[in-house]
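This report describes a protein model for a reader who is new to structural biology. Please keep the sequence and the three-dimensional view at hand while reading.

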Amino acid sequence: MPLHFKAAVLREAGLPEPYAQSRPLRIEEVSTEGPRAGELLVRIQAASLCRSDLSVVNGRRAWPMPIVPGHEASGVVEDTGPGVTRVKRGDAVVLVFQPQCGICPSCVSGDAYLCSPGLQANRSGGLLGGGTRLRSGDSPVHHHMGLSAFADYAVVSEASVVPVLDGIAPEIAALFGCAVMCGAGTVLNTAAVRPGDSVTIVGAGGVGSSALLGAKLAGAERIVAVDIDPARLETARQLGATDTVLDEGGNGAAQVIELTHGGTDHAFETAGTLGAFQTAYHAVRRGGQVVTVGLIDPKTPFSLDVAALVTGAKTLRGSYIGSCNPQRDIPRYMALYRRGLLPVDRLITHRLPLTEVNTALDRMASNGALRQIIQP
Ligand SMILES: [Zn+2]
Ligand SMILES: [Zn+2]
């Protein structure tokens, strides 16, 4: 018997803002035959909205339609397909947007964030086992990043979950699936910030704030937050930024250089704009490291002064999922949260039902939120 449930379905990308009016995400009934071999049926307990969901809706990143977005979530395993060994019915799990096949060269070498079968499955809008498990009537509906969590249930590969440690609430667990790895993970893993280092974080949204928490945990001596919004900078200060810079007309990097007498050891672009990337690039000191994580629109033209890269001896890095191995790093980050060292609960600014997901998109588009928890 197929299971029928509610999901937020996107049938057309690029509808105009405000989304509360154009309603790109419609709550529809979808169905699934349930999990196949190596797969799970998960009842979603909490999902949170990420800027990447917005890029699905506004069409910045192309996905097969129709699709159910939502890639940062947690839930409880309700059913398991044949051969599932990693979890059992009743387990609380974090959903992870990069399946970890476990046997490709990247997974075997510990670089699960580079799992190529996982990436290919994600790009197809299907699961690691091939194809989609969601239907609307007789038509297939695609998965977002192997998950599709803006729904009452999700069918996912067991390679897409990590068990939740005891004592962590569902809405907190959800954050570990994307925001924590992409923000704190980028600082701790990709950049390997050390005690005493200085850091600039350009963009004080959800991922930027998570990066800020990571920089604090790493023992960064100076943490400069840069944003175009004074309210966000106030929040950044409360989260542990030692300095804040209001970027007005692109002068953010010049302010950082003046504040820090030449720029910081590391600079992170977390806003997903070319302007933020340029600010990060120029705010880093000679010999420093620039890390970009924000997913700038792929159509954005870009030129780089390569000679300055040489004479500045800068390192330029992209960070995907904070270079994390989810099975290794999510439990570590959850343990750090439980000890009060990584207070990711402070990223949650709003809670709302799934029926209000379009309003949450508007709030994300206008930079009015860090993380908004969506409950079925
Ligand atoms: Zn995300
Ligand atoms: Zn793999």
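## Terms and conventions

Helices (H or I, at least four residues) and strands (E, at least two) are DSSP runs, numbered from the N terminus. The model is predicted, and local features need pLDDT of at least 70, side-chain atom pairs count only at pLDDT 80 or more, and totals for chains, interfaces and linings use all residues. Residues are numbered from 1 along each chain as its sequence is written, chains are lettered from A and ligands numbered from 1 in the order in which they are written, and side-chain values use heavy atoms, with hydrogens and water left out.

## Thr32 and its surroundings

Thr32 belongs to strand β2, which covers residues 25-32. Thr32 counts as buried because its relative accessibility is 2%; buried means under 20% relative accessible area, exposed over 50%, and partly exposed in between (1.4 Å probe, protein chains only). Apart from neighbours within four places in sequence, Thr32 is in contact with Pro2, Leu3, Phe5, Arg133 and Val155, where contact means heavy atoms within 4.5 Å.

The side chain of Thr32 also takes part in polar contacts (a pair of N or O atoms within 3.5 Å; within protein, one must be able to donate a hydrogen and the other to accept it, and residues adjacent in sequence count only if both atoms are side-chain atoms). The side chain of Thr32 reaches the backbone oxygen of Arg133 at 2.8 Å, and a polar atom of this side chain lies 3.0 Å from the backbone nitrogen of Gly34.

## The two zinc ions

Which residues hold the zinc ion that is ligand 1 as its protein donors? They are Cys50 (SG), His71 (NE2) and Cys178 (SG), at 2.0 to 2.2 Å from the ion. Donors are N, O and S atoms within 2.8 Å of the metal (3.2 Å for Na, K and Ca); water is not among the atoms, so sites may look incomplete. The spacing of these donor residues in sequence is C-x20-H-x106-C. Cys50, in the loop between β3 (39-48) and α2 (51-57), and Cys178, in the loop between α5 (170-175) and α6 (179-190), are 128 residues apart, and the pair links distant parts of the chain. Cys50 counts as buried because its relative accessibility is 4%, and Cys178 is likewise buried, with a relative accessible area of 3%.

The zinc ion that is ligand 2 has the protein donors Cys101 (SG), Cys104 (SG), Cys107 (SG) and Cys115 (SG), lying 2.3 to 2.4 Å from it. Their spacing in sequence is C-x2-C-x2-C-x7-C. The arrangement is tetrahedral because the four donor atoms subtend angles of 105 to 117°; four donors count as tetrahedral if all angles lie between 85 and 135 degrees. Among these donors, Cys107 is buried, at 11% relative accessibility.

## Paired strands

Strand β6 (residues 92-95) pairs with strand β5 (residues 73-80) in the antiparallel sense over four bridges; two strands pair if DSSP finds at least two bridges between them. Within this pairing, Ser74 stands opposite Val94 in β6. Strand β6 also pairs with strand β10 (residues 161-163), again in the antiparallel sense, over three bridges. Here Val94 stands opposite Val162 in β10.

## A β-α-β unit

Strands β17 (residues 348-353) and β18 (residues 371-375) run parallel and are joined by five bridges, with Leu352 opposite Ile374 in β18. Together with helix α13 (residues 357-365), β17 and β18 make a right-handed β-α-β unit. A crossover is right-handed if, with the strands pointing away from the viewer, the path from the first strand over the helix to the second runs clockwise.

In α13, the residues Val357, Asn358, Ala360, Leu361, Asp362 and Met364 are buried. The buried residues of α13 pack against several elements, among them β1 (3-10), β2, β17 and β18. The helix α13 is followed by Asn367, whose phi is positive, near 60°. Asn367 is also one of the contacts of Arg232, a residue of helix α8 (residues 230-239). Arg232 counts as buried because its relative accessibility is 10%.

## Backbone features

Where do cis peptide bonds occur? One joins Glu17 and Pro18, with omega about 0°, and another joins Met65 and Pro66, with omega about -15°. Pro18 is placed in the loop between β1 and α1, whereas Pro66 lies in the loop between α2 and β4 (67-68).

Technical notes. Four donors count as tetrahedral if all angles lie between 85 and 135 degrees; four count as square planar and six as octahedral if opposite donors are over 155 degrees apart and all others between 65 and 115; anything else is irregular.
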